[in-house]
Amino acid sequence: MGRAAPSRAAGAELPRRCGPRRPSLAALGFLAVLGLLLGSGDCQLQTPCRIQKCTTDFVSLTSHLNSALEGFDLEFCKALRAYSACTYRNSKVCRGNLVYHSAVLGISDLMSQRNCSKDGPTSSTNPEVTHDPCNYIGHTEAREHQGEEKTLPPTYLFCGLFGDPHLRTFKDHFQTCKVEGAWPLIDNNYLSVQVTNVPVVPGSSATATNKITIIFKSYQDCTDQRVYQAVTDDLPAAFVDGTTSGGEGNTKSLQIVEKVSGKYVEMHAKYIGTTVYIRQLGNYLTLAIRMPQELVMAYEESQDLQLCVNGCPSSERIDDSGHLPLPVMGHLLPQGGAAHRRSAYTLETATTKCHEKMLVKDIYFYSCVFDLLTTGDANFTAAAHSALQDVEALHPRKEHWHIFPSGGGGGVGKGNKFFVGLGLMCLILVAFF
């Protein structure tokens, strides 16, 4: 508390050596937390300093924006100008407040970085104005402002498919399956995803994905139906009708973003709060998706065959309750894994190869080893590594990123919580300093 004393005298000049540093965008997020801690106690003898309100309004206006989508800079600059105007209105009552001065400097830096003009339109903090019916986050908030019962923030779920193939369901169950041919991953009232898998080694039960079909179903006035199809060596940056987006006006409610030509695309369906990543690594495709739980569960009884929701049928499973059948003491893989073809890798060399990409020996690491021993194809190492990167980008809960093959179900590893906590501490330190 002793450090806050200099700010109590209105107009007191802070020592130059202690002046606030110019914060990054990450630091502004930290200021929102800092504002909650410091509140406006320095100004409560007069009109209270409302820098906390300015910062939380800015976070609210920008939290749903995606820098990969068209129109990001326009909306971000509008929000920055609104933030700047709010700080100006509070300039007298917040004089001497460290959080206030840091915010002012941070706004100036961000406006320079984004080439935002000081004059121009600003975002409105009026909920009736800012809520977009074709923005899933916006219309869930709108229901609350229209007098409906206050609801918790939406819960997001993750599903991924990669390798031979390995499936991570919406329930965070990890399975390795045969599922040769066409199978539905997702089939609900908003989205359908189907994959086609082919054998990777003659005579083996292991398969991999060479075709993905996605149907974004028509939804109100937000988008007409769009169909996307990718096959090996043809990963387009457009839907099958040649369009790259859905929706009216400059703000697209559905959009394809090509990250690496012919190798990696993202699909952002803002109207249903859904993000899809598709990659080609070697001769096969991988898929990762994040979707709100309430939409994932919006399906009829006849649509219950969904691998992402209910996992693979027991007859299609290669793993044993999450445990992959790796060779031990020279014995070959059971169930036809590697017994039909001599792999270029031994258990030792496969382990070394996978450890180059993945330091944590979780289920993604063991999937990499399994795939190398099964196929001898080093591209499966990159597939496992990319799958884990997609988890880190899309899975909403950091403590569930890693799954460890222990305790009978391939459940979420709890030993990773220490590393998550350490990572968060580092993030705060980087943001502040």
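Cys354 and Cys368 form a disulfide in which the two sulfur atoms lie 2.0 Å apart, and this pair is a useful place to enter the structure, which is a predicted model. A search of the whole structure finds seven disulfides, and three of them are described below, followed by two residues from neighbouring parts of the numbering, Glu266 in strand β10 and Ile278 in strand β11.

**The disulfide of Cys354 and Cys368**

- The torsion about the S-S bond of Cys354 and Cys368 is about -90 degrees, so this disulfide is left-handed.
- Because Cys354 lies in helix α9 (residues 347-357) and Cys368 in helix α10 (residues 363-375), the pair ties together parts that are 14 residues apart in sequence.
- Cys354 is buried, with a relative accessible area of 0%, and Cys368 is likewise buried, with a value of 0%.

**Two disulfides that involve helix α3**

- Cys54 and Cys86 form a disulfide with their sulfur atoms 1.9 Å apart, and its torsion about the S-S bond is about -75 degrees, so the link is left-handed.
- Cys54 belongs to helix α2 (residues 51-62) and Cys86 to helix α3 (residues 72-89), so the bond ties together parts that are 32 residues apart in sequence, and both Cys54 and Cys86 are buried.
- Cys77 and Cys116 form a disulfide whose sulfur atoms are 2.0 Å apart, and with -70 degrees about the S-S bond this link is left-handed.
- Since Cys77 lies in helix α3 and Cys116 in the loop between α4 (98-113) and α5 (127-130), the pair ties together parts that are 39 residues apart in sequence.
- Cys77 counts as buried at 7% relative accessibility, and Cys116 counts as buried at 11%.

**Glu266 in strand β10**

- Glu266, in the strand that covers residues 264-269, is buried yet has no salt bridge, and the nearest side chain of opposite charge, that of Lys259, is 4.3 Å away.
- The side chain of Glu266 does make a polar contact with the side chain of Tyr264, at 2.6 Å.
- Leaving aside its neighbours within four places in sequence, Glu266 is in contact with several residues, including Gln255, Ile256, Val257 and Lys259.

**Ile278 in strand β11**

- Ile278, in the strand that covers residues 274-281, is buried, with a relative accessible area of 0%.
- Although Ile278 and Leu161 are 117 residues apart in sequence, their C-alpha atoms are 9.8 Å apart in space.
- Beyond its neighbours within four places in sequence, Ile278 is in contact with residues that include Ile212, Ile214, Tyr228, Leu235, Val265, Met267 and Leu287.

Terms used:
Residues are numbered from 1 along each chain as its sequence is written. This is a predicted model: local features need pLDDT of at least 70, side-chain atom pairs count only at pLDDT 80 or more; totals for chains, interfaces and linings use all residues. Side-chain values use heavy atoms; hydrogens and water are left out. Helices (H or I, at least four residues) and strands (E, at least two) are DSSP runs, numbered from the N terminus. Buried means under 20% relative accessible area, exposed over 50%, partly exposed in between (1.4 Å probe, protein chains only). Lys and Arg count as positive and Asp and Glu as negative; His and the chain ends are not counted. A salt bridge is a side-chain nitrogen of Lys or Arg within 4 Å of a carboxyl oxygen of Asp or Glu. A polar contact is a pair of N or O atoms within 3.5 Å; within protein, one must be able to donate a hydrogen and the other to accept it, and residues adjacent in sequence count only if both atoms are side-chain atoms. Contact means heavy atoms within 4.5 Å. A disulfide is a pair of cysteine sulfur atoms within 2.5 Å.
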